[in-house]
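Visitor: I am new to this structure. Could you show me around its pockets?

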Amino acid sequence: MPAFSDLVEDYFDCRRAKRNSKSALAFEIDLEQNLLELYDELIEGRYHPGRSICFVITRPKPREVWAAEFRDRIVHHLLYNRVSDRFHRGFIADSCACIPGRGTLYAAERLEHHVRSITQNWSRPAWYIKMDLSNFFVSIDKHQVRAQLAKRIHEPWWMALADLILFHDPRTDFEMRGDPALIDRVPAHKRLVNADEHHGLPIGNLSSQFFANVLLDSLDQHIKHRVGARYYCRYVDDFVLLHEDASWLTAARAQIETKLAELGLQLNPRKTFIQPVARGIDMVGQVIKPWSRTTRRRTYRQAIRRVVDIDEGDLFETANSYFGLLGQATSSHHDRCRLANALRRRGQSISMDIRKTYRKP
(Lines give C-alpha, C1' and ligand atoms only; values in the text may rest on other atoms or scores of the structure.)
Protein backbone atom coordinates (compact mmCIF):
# COMPACT_ATOMS: atom_id res chain seq x y z
CA MET A 1 0.00 0.00 0.00
CA PRO A 2 1.17 3.56 -0.61
CA ALA A 3 2.01 6.06 2.10
CA PHE A 4 0.21 9.39 2.20
CA SER A 5 3.47 11.10 1.20
CA ASP A 6 3.46 9.00 -1.98
CA LEU A 7 0.06 10.40 -2.93
CA VAL A 8 1.28 13.95 -2.29
CA GLU A 9 4.23 13.38 -4.62
CA ASP A 10 1.92 11.98 -7.27
CA TYR A 11 -0.33 15.03 -6.93
CA PHE A 12 2.57 17.37 -7.69
CA ASP A 13 3.62 15.12 -10.56
CA CYS A 14 0.09 15.16 -11.97
CA ARG A 15 -0.45 18.91 -11.73
CA ARG A 16 2.84 19.77 -13.44
CA ALA A 17 1.18 20.42 -16.80
CA LYS A 18 -2.40 20.79 -15.56
CA ARG A 19 -2.18 23.34 -12.75
CA ASN A 20 -4.21 26.03 -14.55
CA SER A 21 -7.04 23.69 -15.56
CA LYS A 22 -10.38 24.18 -13.81
CA SER A 23 -10.38 20.71 -12.27
CA ALA A 24 -6.85 21.13 -10.90
CA LEU A 25 -7.65 24.54 -9.44
CA ALA A 26 -10.84 23.23 -7.83
CA PHE A 27 -8.91 20.35 -6.25
CA GLU A 28 -6.22 22.73 -4.98
CA ILE A 29 -8.70 25.00 -3.16
CA ASP A 30 -8.99 22.44 -0.34
CA LEU A 31 -5.89 20.46 -1.21
CA GLU A 32 -5.06 18.75 2.08
CA GLN A 33 -8.63 17.62 2.73
CA ASN A 34 -9.09 16.38 -0.83
CA LEU A 35 -5.86 14.38 -0.70
CA LEU A 36 -6.78 12.89 2.69
CA GLU A 37 -10.21 11.85 1.42
CA LEU A 38 -8.68 10.29 -1.70
CA TYR A 39 -6.06 8.46 0.36
CA ASP A 40 -8.69 7.09 2.77
CA GLU A 41 -10.82 5.87 -0.15
CA LEU A 42 -7.82 4.07 -1.65
CA ILE A 43 -6.70 2.43 1.59
CA GLU A 44 -10.22 1.41 2.65
CA GLY A 45 -11.11 0.07 -0.81
CA ARG A 46 -13.85 2.64 -1.40
CA TYR A 47 -12.19 4.42 -4.31
CA HIS A 48 -13.97 4.34 -7.66
CA PRO A 49 -13.16 6.43 -10.76
CA GLY A 50 -15.45 9.40 -11.32
CA ARG A 51 -16.96 11.08 -14.35
CA SER A 52 -14.89 11.56 -17.51
CA ILE A 53 -15.02 14.36 -20.04
CA CYS A 54 -15.22 13.49 -23.73
CA PHE A 55 -14.33 15.96 -26.48
CA VAL A 56 -13.07 15.94 -30.06
CA ILE A 57 -9.80 17.34 -31.36
CA THR A 58 -9.36 18.05 -35.06
CA ARG A 59 -5.56 18.15 -35.43
CA PRO A 60 -4.00 16.28 -37.08
CA LYS A 61 -7.34 14.54 -37.73
CA PRO A 62 -10.66 14.27 -35.86
CA ARG A 63 -10.14 12.13 -32.79
CA GLU A 64 -12.17 11.35 -29.68
CA VAL A 65 -10.34 12.22 -26.43
CA TRP A 66 -11.35 11.21 -22.91
CA ALA A 67 -10.14 13.15 -19.87
CA ALA A 68 -10.50 11.64 -16.39
CA GLU A 69 -11.27 13.79 -13.36
CA PHE A 70 -8.19 15.38 -11.78
CA ARG A 71 -8.38 13.16 -8.68
CA ASP A 72 -8.49 10.10 -10.94
CA ARG A 73 -5.41 11.33 -12.81
CA ILE A 74 -3.58 11.47 -9.48
CA VAL A 75 -4.43 7.79 -8.99
CA HIS A 76 -3.18 7.03 -12.52
CA HIS A 77 0.14 8.65 -11.60
CA LEU A 78 0.18 6.74 -8.32
CA LEU A 79 -0.02 3.40 -10.15
CA TYR A 80 2.31 4.44 -12.95
CA ASN A 81 5.01 5.81 -10.66
CA ARG A 82 5.04 2.66 -8.51
CA VAL A 83 4.95 -0.12 -11.13
CA SER A 84 6.11 1.32 -14.46
CA ASP A 85 9.84 0.99 -13.82
CA ARG A 86 9.68 -2.79 -13.53
CA PHE A 87 8.09 -2.89 -16.99
CA HIS A 88 10.38 -0.28 -18.53
CA ARG A 89 13.43 -2.30 -17.54
CA GLY A 90 12.14 -5.16 -19.65
CA PHE A 91 11.21 -3.08 -22.70
CA ILE A 92 13.53 -3.19 -25.70
CA ALA A 93 15.53 -0.06 -26.50
CA ASP A 94 13.54 0.42 -29.74
CA SER A 95 10.20 0.88 -27.93
CA CYS A 96 9.31 4.57 -27.63
CA ALA A 97 6.49 6.83 -26.32
CA CYS A 98 5.37 7.25 -22.69
CA ILE A 99 8.76 6.03 -21.48
CA PRO A 100 11.11 8.49 -19.72
CA GLY A 101 13.66 9.80 -22.21
CA ARG A 102 12.05 8.10 -25.19
CA GLY A 103 9.89 10.69 -26.92
CA THR A 104 9.61 11.63 -30.59
CA LEU A 105 13.19 12.93 -30.81
CA TYR A 106 14.55 9.69 -29.35
CA ALA A 107 12.50 7.69 -31.86
CA ALA A 108 13.69 9.77 -34.82
CA GLU A 109 17.34 9.57 -33.76
CA ARG A 110 17.07 5.86 -33.03
CA LEU A 111 15.58 5.13 -36.45
CA GLU A 112 18.15 7.34 -38.18
CA HIS A 113 20.91 5.42 -36.36
CA HIS A 114 19.46 2.14 -37.66
CA VAL A 115 19.24 3.51 -41.21
CA ARG A 116 22.84 4.68 -41.18
CA SER A 117 23.95 1.33 -39.80
CA ILE A 118 22.16 -0.88 -42.33
CA THR A 119 23.15 1.33 -45.29
CA GLN A 120 26.67 1.97 -43.96
CA ASN A 121 26.14 5.72 -44.08
CA TRP A 122 23.94 5.63 -47.19
CA SER A 123 26.54 3.75 -49.26
CA ARG A 124 24.43 0.59 -49.67
CA PRO A 125 20.76 0.07 -50.60
CA ALA A 126 18.20 -1.20 -48.09
CA TRP A 127 14.42 -1.55 -47.74
CA TYR A 128 11.96 -0.74 -45.02
CA ILE A 129 8.44 -1.78 -44.16
CA LYS A 130 6.29 0.68 -42.27
CA MET A 131 3.28 -0.68 -40.38
CA ASP A 132 0.38 0.91 -38.57
CA LEU A 133 -2.13 -0.79 -36.30
CA SER A 134 -5.77 -0.38 -37.26
CA ASN A 135 -7.95 1.45 -34.67
CA PHE A 136 -5.37 0.62 -32.05
CA PHE A 137 -6.70 2.08 -28.78
CA VAL A 138 -10.30 1.13 -29.56
CA SER A 139 -9.25 -2.45 -30.40
CA ILE A 140 -7.19 -3.18 -27.28
CA ASP A 141 -8.40 -6.28 -25.42
CA LYS A 142 -8.30 -5.45 -21.70
CA HIS A 143 -7.94 -9.12 -20.76
CA GLN A 144 -4.77 -9.32 -22.85
CA VAL A 145 -3.40 -6.27 -21.03
CA ARG A 146 -4.36 -7.74 -17.66
CA ALA A 147 -2.48 -10.94 -18.40
CA GLN A 148 0.68 -8.96 -19.18
CA LEU A 149 0.31 -6.79 -16.06
CA ALA A 150 -0.06 -9.84 -13.82
CA LYS A 151 3.34 -11.14 -14.93
CA ARG A 152 5.16 -8.30 -13.15
CA ILE A 153 2.71 -6.96 -10.55
CA HIS A 154 2.68 -9.51 -7.74
CA GLU A 155 1.41 -7.32 -4.89
CA PRO A 156 -2.37 -7.90 -4.45
CA TRP A 157 -3.14 -4.26 -3.57
CA TRP A 158 -1.38 -2.81 -6.61
CA MET A 159 -2.85 -5.47 -8.90
CA ALA A 160 -6.34 -4.65 -7.62
CA LEU A 161 -5.75 -0.96 -8.35
CA ALA A 162 -4.50 -1.79 -11.84
CA ASP A 163 -7.64 -3.87 -12.44
CA LEU A 164 -9.86 -1.05 -11.22
CA ILE A 165 -8.27 1.48 -13.58
CA LEU A 166 -7.98 -0.91 -16.51
CA PHE A 167 -11.53 -2.24 -16.45
CA HIS A 168 -13.24 1.04 -15.58
CA ASP A 169 -15.59 1.92 -18.44
CA PRO A 170 -15.76 5.72 -18.86
CA ARG A 171 -18.75 5.31 -21.17
CA THR A 172 -20.99 4.63 -18.16
CA ASP A 173 -20.52 8.15 -16.76
CA PHE A 174 -19.20 10.96 -18.93
CA GLU A 175 -19.88 14.51 -20.04
CA MET A 176 -19.67 15.53 -23.68
CA ARG A 177 -18.03 18.92 -24.22
CA GLY A 178 -17.27 21.07 -27.22
CA ASP A 179 -19.11 21.40 -30.51
CA PRO A 180 -21.52 18.43 -30.82
CA ALA A 181 -21.14 18.56 -34.60
CA LEU A 182 -17.49 17.58 -34.34
CA ILE A 183 -18.36 14.10 -33.09
CA ASP A 184 -19.81 13.30 -36.51
CA ARG A 185 -16.38 13.88 -38.03
CA VAL A 186 -14.92 10.96 -36.05
CA PRO A 187 -15.44 7.65 -37.91
CA ALA A 188 -17.81 5.36 -36.04
CA HIS A 189 -15.25 2.52 -35.84
CA LYS A 190 -12.77 4.86 -34.13
CA ARG A 191 -15.14 5.88 -31.32
CA LEU A 192 -14.78 4.28 -27.90
CA VAL A 193 -18.54 4.41 -27.35
CA ASN A 194 -18.94 1.89 -30.18
CA ALA A 195 -16.30 -0.56 -28.91
CA ASP A 196 -17.20 -4.03 -27.70
CA GLU A 197 -17.31 -4.85 -24.00
CA HIS A 198 -13.83 -5.20 -22.45
CA HIS A 199 -12.29 -3.62 -25.55
CA GLY A 200 -10.84 -0.15 -25.94
CA LEU A 201 -8.85 2.26 -23.79
CA PRO A 202 -9.64 5.98 -23.54
CA ILE A 203 -7.20 8.16 -25.46
CA GLY A 204 -5.96 10.92 -23.20
CA ASN A 205 -5.11 9.14 -19.94
CA LEU A 206 -1.59 8.32 -18.75
CA SER A 207 -2.81 4.87 -17.75
CA SER A 208 -3.97 4.11 -21.31
CA GLN A 209 -0.57 4.97 -22.77
CA PHE A 210 1.15 2.79 -20.19
CA PHE A 211 -1.22 -0.15 -20.70
CA ALA A 212 -0.73 0.11 -24.47
CA ASN A 213 3.04 -0.19 -24.07
CA VAL A 214 2.63 -3.16 -21.75
CA LEU A 215 0.49 -4.94 -24.35
CA LEU A 216 2.80 -4.18 -27.27
CA ASP A 217 5.91 -5.27 -25.41
CA SER A 218 5.06 -8.83 -26.38
CA LEU A 219 4.95 -7.69 -30.03
CA ASP A 220 8.34 -5.97 -29.65
CA GLN A 221 9.87 -9.08 -28.12
CA HIS A 222 8.39 -11.25 -30.88
CA ILE A 223 9.75 -9.03 -33.65
CA LYS A 224 13.23 -8.83 -32.15
CA HIS A 225 13.67 -12.42 -30.96
CA ARG A 226 11.30 -14.54 -33.08
CA VAL A 227 11.16 -12.67 -36.37
CA GLY A 228 14.81 -11.72 -35.93
CA ALA A 229 14.57 -8.05 -36.91
CA ARG A 230 17.89 -6.44 -36.09
CA TYR A 231 16.76 -2.97 -37.15
CA TYR A 232 13.37 -2.06 -35.72
CA CYS A 233 11.71 0.95 -34.10
CA ARG A 234 8.19 1.47 -32.69
CA TYR A 235 6.39 4.61 -31.53
CA VAL A 236 2.96 3.72 -30.06
CA ASP A 237 1.18 1.94 -32.96
CA ASP A 238 3.58 2.93 -35.76
CA PHE A 239 6.64 0.76 -36.35
CA VAL A 240 9.36 0.26 -38.95
CA LEU A 241 11.57 -2.71 -39.84
CA LEU A 242 14.70 -2.41 -42.00
CA HIS A 243 16.44 -5.09 -44.06
CA GLU A 244 18.66 -5.49 -47.10
CA ASP A 245 16.10 -7.82 -48.74
CA ALA A 246 12.52 -6.73 -49.52
CA SER A 247 11.34 -10.36 -49.66
CA TRP A 248 12.52 -10.85 -46.06
CA LEU A 249 10.32 -7.94 -45.01
CA THR A 250 7.35 -9.50 -46.79
CA ALA A 251 7.86 -12.74 -44.87
CA ALA A 252 8.31 -10.79 -41.63
CA ARG A 253 4.98 -9.06 -42.18
CA ALA A 254 3.20 -12.42 -42.32
CA GLN A 255 4.77 -13.48 -39.00
CA ILE A 256 3.85 -10.17 -37.40
CA GLU A 257 0.25 -10.42 -38.54
CA THR A 258 0.03 -13.86 -36.90
CA LYS A 259 1.29 -12.41 -33.62
CA LEU A 260 -1.08 -9.46 -33.83
CA ALA A 261 -4.01 -11.83 -34.31
CA GLU A 262 -3.08 -13.48 -31.00
CA LEU A 263 -3.26 -10.06 -29.36
CA GLY A 264 -6.58 -9.22 -30.99
CA LEU A 265 -5.02 -6.54 -33.22
CA GLN A 266 -4.52 -6.12 -36.95
CA LEU A 267 -2.55 -3.99 -39.38
CA ASN A 268 -4.04 -1.11 -41.33
CA PRO A 269 -3.43 -2.25 -44.93
CA ARG A 270 -3.65 1.33 -46.27
CA LYS A 271 -0.75 2.42 -44.06
CA THR A 272 1.45 -0.66 -44.42
CA PHE A 273 3.94 -0.66 -47.29
CA ILE A 274 7.50 -1.58 -48.37
CA GLN A 275 9.80 0.97 -49.99
CA PRO A 276 13.51 1.62 -50.56
CA VAL A 277 15.12 3.48 -47.68
CA ALA A 278 16.53 6.06 -50.13
CA ARG A 279 13.01 7.41 -50.76
CA GLY A 280 12.82 8.55 -47.16
CA ILE A 281 11.10 7.25 -44.05
CA ASP A 282 8.29 9.34 -42.55
CA MET A 283 7.91 8.68 -38.83
CA VAL A 284 7.07 10.71 -35.69
CA GLY A 285 6.63 13.85 -37.78
CA GLN A 286 10.09 13.70 -39.36
CA VAL A 287 11.36 12.41 -42.69
CA ILE A 288 14.70 10.59 -42.78
CA LYS A 289 16.45 10.87 -46.14
CA PRO A 290 20.09 10.50 -47.25
CA TRP A 291 22.16 12.88 -45.12
CA SER A 292 19.16 14.81 -43.79
CA ARG A 293 16.32 14.61 -41.31
CA THR A 294 13.57 17.17 -41.90
CA THR A 295 10.18 17.99 -40.41
CA ARG A 296 7.23 16.49 -42.26
CA ARG A 297 6.08 19.01 -44.90
CA ARG A 298 2.47 18.96 -43.72
CA THR A 299 3.56 19.87 -40.19
CA TYR A 300 5.85 22.62 -41.47
CA ARG A 301 3.12 24.18 -43.63
CA GLN A 302 0.69 24.01 -40.72
CA ALA A 303 3.20 25.84 -38.52
CA ILE A 304 3.47 28.71 -41.02
CA ARG A 305 -0.31 28.97 -41.42
CA ARG A 306 -0.95 28.97 -37.68
CA VAL A 307 1.53 31.71 -36.78
CA VAL A 308 0.04 33.85 -39.54
CA ASP A 309 -3.57 33.44 -38.42
CA ILE A 310 -3.42 32.80 -34.66
CA ASP A 311 -4.59 35.39 -32.13
CA GLU A 312 -1.94 37.71 -30.74
CA GLY A 313 -2.41 36.40 -27.20
CA ASP A 314 -1.47 32.84 -28.20
CA LEU A 315 1.29 33.73 -30.66
CA PHE A 316 4.27 33.63 -28.27
CA GLU A 317 3.59 30.14 -26.88
CA THR A 318 2.56 28.67 -30.25
CA ALA A 319 5.56 30.10 -32.13
CA ASN A 320 8.10 28.84 -29.61
CA SER A 321 6.42 25.45 -29.60
CA TYR A 322 6.90 25.24 -33.36
CA PHE A 323 10.50 26.46 -33.09
CA GLY A 324 11.13 23.59 -30.68
CA LEU A 325 9.43 21.09 -32.97
CA LEU A 326 11.27 22.22 -36.10
CA GLY A 327 14.57 22.36 -34.20
CA GLN A 328 14.44 18.63 -33.51
CA ALA A 329 15.25 17.95 -37.18
CA THR A 330 18.92 18.08 -38.16
CA SER A 331 18.13 19.93 -41.41
CA SER A 332 15.84 22.60 -40.02
CA HIS A 333 17.61 25.88 -40.74
CA HIS A 334 15.56 26.74 -43.84
CA ASP A 335 12.27 25.84 -42.14
CA ARG A 336 13.11 27.92 -39.06
CA CYS A 337 14.03 30.88 -41.28
CA ARG A 338 10.66 30.74 -43.01
CA LEU A 339 8.90 30.57 -39.64
CA ALA A 340 10.98 33.49 -38.36
CA ASN A 341 10.09 35.60 -41.40
CA ALA A 342 6.40 34.93 -40.87
CA LEU A 343 6.76 36.04 -37.25
CA ARG A 344 8.73 39.17 -38.13
CA ARG A 345 5.90 40.26 -40.37
CA ARG A 346 3.74 40.17 -37.27
CA GLY A 347 6.19 42.36 -35.37
CA GLN A 348 7.93 39.60 -33.39
CA SER A 349 11.61 39.64 -32.47
CA ILE A 350 13.62 36.48 -33.15
CA SER A 351 16.77 35.19 -31.44
CA MET A 352 20.07 35.21 -33.35
CA ASP A 353 20.13 31.41 -33.60
CA ILE A 354 16.56 31.43 -34.99
CA ARG A 355 15.30 29.11 -32.26
CA LYS A 356 12.84 31.26 -30.29
CA THR A 357 10.81 34.43 -30.31
CA TYR A 358 10.32 36.96 -27.50
CA ARG A 359 7.32 38.46 -25.80
CA LYS A 360 6.44 41.92 -26.93
CA PRO A 361 7.08 44.61 -24.30
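Guide: Here is a short tour of two pockets in this predicted model.

Visitor: How do you know how much space lies in the largest pocket?

Guide: The volume is the space filled by probe spheres set on the grid points, and for the largest pocket that comes to about 1,900 Å³.

Visitor: What makes P60 and D237 lining residues of the largest pocket?

Guide: A lining residue has an atom within 4 Å of a pocket point. The largest pocket has 48 such residues, and P60, K61, R63, D237 and D238 are the closest to its centre. P60 and D237 are therefore part of the lining.

Visitor: Which element gives the most to that lining?

Guide: Helix 11 does, with four residues. Among the other elements that give two or more are strand 2 (63-67) and helix 9 (206-227).

Visitor: What makes 15 residues in the lining of the largest pocket count as charged?

Guide: Asp, Glu, Lys and Arg count as charged, and 15 lining residues fall in that class, beside 21 nonpolar and twelve polar ones.

Visitor: And the second largest pocket: which residues lie nearest its centre?

Guide: They are K18, A67, A68, R73 and G204, out of 31 that line the second largest pocket. About 750 Å³ of space lies there.

Visitor: Why is G204 called polar in that lining?

Guide: Gly is counted among the polar residues, so G204 belongs to that class. The lining of the second largest pocket has eight polar, 13 nonpolar and ten charged residues.

Visitor: Where does the largest share of this second lining come from?

Guide: From helix 4 (70-88), which gives seven residues.

Key:
Residues numbered from 1 in each chain as written. Predicted model: local features only at pLDDT ≥ 70, side-chain atom pairs only at ≥ 80, totals over all residues. Heavy atoms only, no water. 1 Å grid on protein atoms, 1.4 Å probe; cavity = no way out; pocket = protein on both sides within 12 Å on 5 of 7 lines; lining within 4 Å.
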